[in-house]
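Student: Could we go through this one label by label? I'd like to see the rule behind each name.

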Amino acid sequence: MNKGAIKLREELLKGMDAVDMLGLTSKPYKIEVELRGKITRDVVEEISRIKKEPDWMRRLRLRSLELFEKLPMPKWVPGIEEIDLEELAYYVKPEATIAKNWDDLPKEIREYYEKLGIPEAEARFLAGLYAVMDSETVYGRVKDALKEKGIVIMSMDEAVQKDLPILKEYFMRIFPPSDHKFAALHGALWSGGVFMYVPKGVKIPEPIEGFFLIGKAYEGQFEHTLIIADEGSYVNFIEGCSAPRFAGYSFHDGMVELYAHKNAVIKFTTVQNWSRNVINYNNKRAIAESGARVDWFEGSIGSKITVTYPSTILKGEGAVSRSMVVSLSKGPVIKDTGSKMIHLAPRTRSRIVNKTISAGGGVNIYRGLIKIIRGAKYSQADVECDSLIFDDKSKAHTYPHNQVDEPTAQVTHEATTGRLSEPQLFYLQSRGLGEDEAKSLIVLGFLSDILVELPFEYLNVLNRVIQLEFKELGSVG
Amino acid sequence: MQTALKVQNLKVRVGGKEILKGVDLELNYGEIHAVMGPNGSGKSTLAYTIMGREGYEIVEGDILFDGVSIKDLPADERALRGLFLGFQEPPSIPGVRFSTFLIAVINKRMGAPDLTTLKDPKKLREIYNLLNEVGLNRSVLSRELNVGFSGGEKKRSEMLQALLLDPKVIILDEPDSGLDVDGVRKIAEIIKELKAKGKAILLITHYARLFNFVEPDKVTVLVDGKVAATGGPELAHMIEEKGYQVVRQQ
Ligand SMILES: Nc1ncnc2c1ncn2[C@@H]1O[C@H](COP(=O)(O)OP(=O)(O)OP(=O)(O)O)[C@@H](O)[C@H]1O
Ligand SMILES: [Mg+2]
């Protein structure tokens, strides 16, 4: 196991109580614009006006709003009843313009990022970084080398303002607003996020990061990330999310759209570490053309409720996708995660590894979909869902769904549910390990096969987040 | 001879039921003290209670280790003070490699802040030597702890740990069960070696088979949670011949 994995396991293990120990308290900072109340046409137009958008985007927003009003509330989604949209500010612009230098940010805002170790990580291993606070991008910088290679990278809002021609072809075409009510809401209210285009054959070895912060209670964050990897290119994107602890709750309804053209590779990593006040719905979808590869990695550590299903549409022959999710639910927390793989072409391959840990009354739900259409000959999908349950109060549910219409396709599914057992704990303790250390070792063992597959940067970032939070950790479970 | 462990009038409740009903026992350094008894007589219960397993509630009596009561200490604390228990049925821990486990345990004892990387490379050599000594293949290190280990491999692994961790008091709960003759002989050799090093050994078994290879200094027979008889090796041989009837009648 590599160093990063080892470090991660230590941090992971020591505790899972996310943001409590971040040392970040919600501090006031200056807000320039804040919109809240009933979500109407006028409001959506107002957002579009503030953002100086081209007309097509304004219309996309309005169409999304209509869909939002029409589409039914998905009943099965946990936490839905806790959200009162009219109570939320759905557009919050902090008083700051996009800085290229940390020193140019207002001190209160800069401090958040410093506590999270973001500037340090940027200096150490990132090729570029975009930081979004509430609804707007407050920091953005990429290494000059990227621009020289013809890579287009900017905040999503800037890309729209500039009306880049390529945008119209992709924006909410991978994940249309008609998909479900919250996709439509996202379409109407989206703000902030990162746009990226990697030209043919260009490979960016170092990762680019987008970091999303919600600064206060009763707001909605709807950032949008779109990455287009042209033929034969390579990009590694890390998304980090965090929020200080505050009274009340906030709502996150972000979206990620990825398009991997022929033989391109996109690795998309999420380190989700919202505070326990955040209800997190995330919409993630990728399209992979022939020979392309899309890898999703998701570390779901924080939040009160998370609903996210990274999905890949394997559209071209020989496309490959992996989705690896580690989800921790400790305490009164619900994680509804899972991955979806839609095989539309021959010889496509997908692999899902979903590992959940439930402790202290936490609930993990796996909801997965494997769909292989007729004609997607010799396609293969492998699913592995493992749950580790710490105590009787905690739960793990698995709802896999397979829809295979191609006789030559193969689907495998493995599921295990392990309980942290008293004999295991006693055995390890009888060798001198403390209770937490014993639990750590068991959790490490549980995650070991996924840890070795995670990209190093992932471990690094995850580690950074967790380190902060688990400094003075208590016992697990 | 110095007393290592003293069990005094030990009454233990497990799952609401009194299992040990007043057990007295004394174990000295450099001594092998055999505990025998039929199935269900409370031998493992005694071992677990000495080691500090949760749910083994001491309702009366005490356990002294080097003259100090340990009955309120958690299991890990007892282990770090020099107590070791070789399990009758070590549980399997999927995902945790044997090597990862050994490194964690060694580092913990050496006070290393990181339990995952071996600080002292000499230890690896030692592990290899011990594997050899107990008759385990090196490949066992990369296997998951006790997962799919044969009965014999489990016992050998327990003995390896007894040697590696260098405890003062070693409780072995049926170290010979599931072993072939060569295995039993090997275990006996190791027990003798530990005795020669001055360790205090509490040797739990219900067969006297092992005693053909290693002679106990003392024998305590448990029946129904009570000490039914005490004596020397001759007691073990008598039980071997005539069964537990002998002590039941006393
Ligand atoms: N958790 C429990 N709840 C109730 N009874 C228990 C529990 N654990 C053990 N017992 C009982 O305690 C008694 C002693 O068990 P113990 O395992 O100590 O016996 P033993 O002498 O080690 O037997 P063996 O030779 O089969 O290993 C048995 O009757 C057993 O059923
Ligand atoms: Mg027993």
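Student: What makes the pair Glu422(A) and Arg53(B) a salt bridge?

Tutor: The rule asks for a side-chain nitrogen of Lys or Arg within 4 Å of a carboxyl oxygen of Asp or Glu. In this pair the closest N and O atoms are 2.7 Å apart, so the rule is met. Keep in mind that this is a predicted model, where local features need pLDDT of at least 70, side-chain atom pairs count only at pLDDT 80 or more, and totals for chains, interfaces and linings use all residues. As for bookkeeping, residues are numbered from 1 along each chain as written, chains are lettered from A and ligands numbered from 1 in written order, and side-chain values use heavy atoms, without hydrogens and water.

Student: How many such bridges cross from chain A to chain B?

Tutor: The rule finds 3 across that interface, and 48 over all chains.

Student: Why say that Glu34(A) and Lys216(A) tie parts of the chain together?

Tutor: Their closest N and O atoms are 3.1 Å apart, which makes a salt bridge. Glu34(A) sits in strand β1 (residues 31-36) and Lys216(A) in the loop between β7 (208-213) and β8 (220-221), so the bridge joins parts 182 residues apart in sequence. Strands here are DSSP runs of E, at least two residues, and helices are runs of H or I, at least four, all numbered from the N terminus.

Student: What is the buried area between chain A and chain B?

Tutor: About 2,300 Å², with 65% of it on carbon and sulfur atoms. Phe426(A), Tyr427(A) and Arg431(A) supply 34% of what chain A buries there, more than any other three residues. It's called buried because it is accessible area (1.4 Å probe) that two parts lose on being put together, summed over both.

Student: And which residues count as being in contact there?

Tutor: 21 residues of chain A and 37 of chain B; contact means heavy atoms within 4.5 Å.

Student: What makes the link between ligand 1 and Thr45(B) a polar contact?

Tutor: The term means a pair of N or O atoms within 3.5 Å; within protein, one must be able to donate a hydrogen and the other to accept it, and sequence neighbours count only through side-chain atoms on both sides. A ligand oxygen is 2.5 Å from an N or O atom in the side chain of Thr45(B), so the label fits. Glu174(B) qualifies too, with a side-chain N or O atom at 3.4 Å from a ligand oxygen, and so does Gly42(B), through a polar backbone atom at 3.0 Å.
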